[in-house]
Amino acid sequence: MDLRIFTEPQQGASYDTLLSVAKATEDLGFDAFFRSDHYLRMGDGDGLPGPTDAWLTLAGLARETSRIRLGTLMTAATFRLPGVLAIQVAQVDAMSGGRVELGLGAGWFAEEHAAYGIPFPKRKFPRLEEQLAIVTGLWGTPAGETFSYEGEHYRLTDSPALPKPVQERIPVLLGGMGKETTPRLAARYADEFNIPFGSVEDSDAQFGRVRAAAEKAGRKADDLVYSNALVACVGRDDAEVARRAAAIGRDVAELKANGLAGTPDEVAERIGAFAAIGSSRIYLQILDLDDLDHLELIASRVAPQLG
């Protein structure tokens, strides 16, 4: 089981705070540092010091880390033109020495689009599908050849399809609980399929849909990595769990029902339930980014139990 650290900087985090978490992620032996791609805080609070851009952040971290994978859960297709996104991600891949992964989603948070003047189309999935075709098409075009695309939303003419990523293929992550379009897109474009904040039962059903779609598309179901993203709240005892839950404004019982909360033994057992349905990677959503002892506890007391 790979354990990855997943952050939500729009809730209030500077680049320096994210750098501290990323360095702890690397030093403690976690597999990767991922972040959301949002520009507006959700829920109560002021979100100070304000949003940080996902790909600018990852570019900086690419130069200040050496081992961990770096990526997004999920970049919104509404935020960037696909040709520009392909350039940005390929450049950060080069800056990191080939450690980047791209999580790409349709975009959903209307308020952040309104707040920063970003168009929010009614029909988002057709744009996502075209973005996937363009980004992967640009990266996959052989050197010296050009890439053209004629779609409903985007048109590219004789693109040099540069720069190329360092990796032969940058892993593409898709996710969500849609029953038809989501599995179809995952079967065609994804290297990994992620379920955010879903139960074991719902994850099992959705993984089954994606596996069936992959086989229908002529791929082996196990060609994809299957993963979950879940909020983490781990403590050495009940009092520490309660303290960490209070720090993020959540209820312990709710976290135990819907996330990964409890003692290290309880959380390891809970992760085992996801492993049993085929999940091989867990993104630990860490909401208190100043609590690096939380990461150390997970690394020293949970990770060793997972094999």
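# A guided tour of the model

Select helix H5 and helix H6 (residues 181-189) to begin: they pack at an angle of about 5°, with their axes 11 Å apart. H5 is therefore roughly parallel to H6 (angles under 35 degrees count as roughly parallel, over 145 as roughly antiparallel, 65 to 115 as roughly perpendicular and the rest as oblique). Here axes are lines fitted to C-alpha atoms, for helices over the stretch in contact, and angles run from 0 to 180 degrees between N-to-C directions. Helices (H or I, at least four residues) and strands (E, at least two) are DSSP runs, numbered from the N terminus.

Before going on, a word on the model: it is predicted, local features need pLDDT of at least 70, side-chain atom pairs count only at pLDDT 80 or more, and totals for chains, interfaces and linings use all residues. Residues are numbered from 1 along each chain as its sequence is written, and side-chain values use heavy atoms, with hydrogens and water left out.

Stay with this pair and show side chains. H5 contributes Phe125, Leu128, Glu129, Leu132, Ala133 and Thr136 to the contact, and H6 contributes Thr181, Thr182, Arg184, Leu185, Arg188 and Tyr189 (contact means heavy atoms within 4.5 Å). Coloured by class, these residues divide into six nonpolar, three polar and three charged. In this scheme Ala, Val, Leu, Ile, Met, Phe, Trp, Tyr, Cys and Pro count as nonpolar, Asp, Glu, Lys and Arg as charged, and the others, Gly among them, as polar.

**Next: H3 against H5**

Keep H5 (residues 125-140) and add helix H3 (residues 82-96); this pair packs at an angle of about 45°, with axes 9 Å apart. That angle makes H3 oblique to H5. The crossing of H3 past H5 is right-handed (the near helix is turned clockwise from the far one by less than a right angle; anticlockwise would be left-handed). On the H3 side, pick out Pro82, Gly83, Leu85, Ala86, Val89 and Ala90; on the H5 side, Gln131, Ile134, Val135, Leu138 and Trp139. This contact has nine nonpolar, two polar and no charged residues.

**Just before H3: Thr78**

Step back to the loop between strand E4 (75-76) and H3, where Thr78 lies. Is Thr78 buried or exposed? At 15% relative accessibility, Thr78 counts as buried (under 20% relative accessible area; exposed is over 50%, partly exposed in between, with a 1.4 Å probe and protein chains only). Its side chain makes a polar contact of 2.7 Å with the side chain of His113. A polar contact is a pair of N or O atoms within 3.5 Å; within protein, one must be able to donate a hydrogen and the other to accept it, and residues adjacent in sequence count only if both atoms are side-chain atoms. Leaving aside neighbours within four places in sequence, Thr78 is in contact with residues including Ala106, Gly107, Ile118 and Pro121.

**On to Arg4**

Now select Arg4 in strand E1. Arg4 is buried, with a relative accessible area of 1%. Which side chains make polar contacts with that of Arg4? Asp31 does so at 2.6 Å, and Tyr283 at 2.9 Å. Not counting residues up to four places away in sequence, Arg4 also touches others, among them Phe34, Arg69, Glu101 and Glu192.

**The loop between E2 and H2**

Two residues are worth a click here. Thr52 lies in this loop and counts as buried at 15% relative accessibility. The side chains of Thr52 and Arg35 make a polar contact of 2.8 Å. In the loop between strand E2 (32-35) and helix H2 (54-64) you will also find Pro49, joined to Leu48 by a cis peptide bond with omega about 10°.

**Backbone stops**

Most residues other than glycine have a negative phi, and most peptide bonds are trans. Another cis peptide bond runs from Leu162 to Pro163, with omega near 0°; Pro163 lies in the loop between strand E7 (155-159) and strand E8 (172-175). In strand E7 itself, select Asp158, which is not a glycine but has a positive phi of about 50°. Phe197, in the loop between strand E9 (192-196) and helix H7 (200-216), has a positive phi near 60° and is partly exposed at 41% relative accessible area.

**Last stop: H11**

Finish on helix H11 (residues 292-302), where His294, Leu295, Leu297, Ile298, Ala299 and Val302 are buried. Their cover includes strand E1 (2-7), helix H1 (15-27), strand E10 (225-234), helix H8 (238-247), helix H10 (264-275) and strand E12 (281-286).
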